[in-house]
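Hi everyone, thanks for making time this morning. I'd like to walk you through one structure, so let me put it on the screen.

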Amino acid sequence: MSSTGSRDLHYDDIVSLSSKKEIILIDVREPDEIQETGKLPGSTHIPLGDVPNALNLNDGAFKEKYGIEKPGLDAPIVFSCRSGKRSNVALQKALALGFSNSRHYAGGWLDWEKNTK
């Protein structure tokens, strides 16, 4: 497996790219985690276990289920979770499906919370 270092984003990257609407932010935590903490501003919730199936949905089904346009294979997708572990798994799944510009928020919710409190 190749290094994902260049695919790791951090708090400042997320703030900057989100404010410019230059990324599609996907939160891969479980529903109970989202209920407990909320999700990152501007993110779409797709639990980790659903990521491969979600990315294989047709455009209409994806939009109906998740409320956003389905990202193209070259879309700037950024996955996030609690600490960066599951988002890295989601990243690897997306890359394997051909979503070549995917990245992940290495610090996840814990980093976001630390930087926004």
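Let me start with a question: by class, which residues does the lining of the largest pocket have? Before I answer, please keep in mind that this is a predicted model.

Okay, the answer. The lining divides into 6 nonpolar, 4 polar and 2 charged residues. The space inside the largest pocket comes to about 200 Å³. If you want to find the place on the screen, look for Leu17, Ser18 and Lys21, then Ile23, Ile24 and Leu25, then Pro41, Gly42, Ser43 and Thr44, and finally Ile68 and Glu69, which together line the pocket. Two elements, α1 (11-19) and β2 (24-27), each contribute at least two residues to that lining. Those two elements give us a nice route through the rest of the model, so let's follow them in turn.

Take β2, and with it the sheet. There are 5 strands in an open sheet, with parallel pairing, and the order is β1-β5-β4-β2-β3. The edges are held by β1 (8-9) and β3 (44-45); each has a single partner strand, so one side of each is left without a neighbour in the sheet.

Now for the partners of β2. With β4 (residues 77-80), β2 pairs in the parallel sense over 4 bridges, and Ile24, one of the pocket-lining residues, has Ile77 as its bridge partner in β4. With β3, β2 pairs over 2 bridges, again in the parallel sense; there, Asp27 stands opposite His45.

Over at the β1 edge, 2 bridges join β1 to β5 (residues 103-105), and those two strands run parallel. Have a look at Leu9 there: its bridge partner in β5 is Tyr105.

Now back to α1. How do α1 and α6 (residues 108-116) cross? Their axes come within 10 Å, at roughly 85 degrees, and the two helices are therefore roughly perpendicular to each other. On the α1 side, the contact is made by Tyr11, Ile14 and Val15, and α6 brings Asp111, Trp112, Asn115 and Thr116. By class, the residues of this contact are 4 nonpolar, 2 polar and 1 charged.

That's my tour. I'm happy to rotate the view and take questions!

Methods:
Residues numbered from 1 in each chain as written. Predicted model: local features only at pLDDT ≥ 70, side-chain atom pairs only at ≥ 80, totals over all residues. Heavy atoms only, no water. Pairing = 2+ DSSP bridges. 1 Å grid on protein atoms, 1.4 Å probe; cavity = no way out; pocket = protein on both sides within 12 Å on 5 of 7 lines; lining within 4 Å. Points joined across faces, edges and corners; volume = space filled by probe spheres on them. Nonpolar A, V, L, I, M, F, W, Y, C, P; charged D, E, K, R; others polar. Axes fitted to C-alpha atoms, helices over the stretch in contact; angles between N-to-C directions. Parallel < 35°, antiparallel > 145°, perpendicular 65-115°, else oblique. Contact = heavy atoms within 4.5 Å.
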